[in-house]
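Student: Hi! Could you walk me through this one?
Tutor: Happy to. Here it is.

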Amino acid sequence: MPIISNRSRAQPIVVVREWVQRVLDASPEVLSGGVVISDPARRVEQVWPQAVWVPAQELLYQAQHDRIKSALSNFANATESAALGECLIEA
């Protein structure tokens, strides 16, 4: 599995949960090319051998999500999380 680099901008990207070896997310061309979130990494590697693999950093994602939600609470009466990276606010 190639590691991400500056040359990866035009290449298909797959974000993988390393501890379970499953796809967490992928670039649009990979998803439209038959890959589904949670597919086994081994299968995706066979279908998209040219893809750049990026290990998921879920603890970092969660920390950033919490910071965004906290910032939004300064502008809203209530905030809720729909999913990681998605917040709903009540003005």
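Student: Which residue in β3 stands opposite V15?
Tutor: V54 does. Strands here are DSSP E runs of at least two residues, and helices are H or I runs of at least four, numbered from the N terminus.

Student: Okay, and is this a real structure or a predicted one?
Tutor: This is a predicted model, where local features need pLDDT of at least 70, side-chain atom pairs count only at pLDDT 80 or more, and totals for chains, interfaces and linings use all residues. Residues are numbered from 1 along each chain as its sequence is written, and side-chain values use heavy atoms, leaving out hydrogens and water.

Student: Cool. In what order do the strands of the sheet come?
Tutor: The order is β2-β1-β3, in an open sheet with mixed pairing. Two strands pair if DSSP finds at least two bridges between them. β2 (22-26) and β3 (52-55) each have a single partner strand, so one side of each has no neighbour in the sheet.

Student: Do β1 and β3 pair in the parallel or antiparallel sense?
Tutor: Parallel, over four bridges, with β1 covering residues 13-17.

Student: New topic: what does V14 touch?
Tutor: Leaving aside residues up to four places away in sequence, its contacts (heavy atoms within 4.5 Å) include V23, V30, V44 and W53.

Student: And Q62, where is that?
Tutor: Q62 lies in helix α3, residues 58-72.

Student: Buried or exposed?
Tutor: In between: Q62 is partly exposed, because its relative accessible area is 36%. Buried means under 20% and exposed over 50%, using a 1.4 Å probe and protein chains only.
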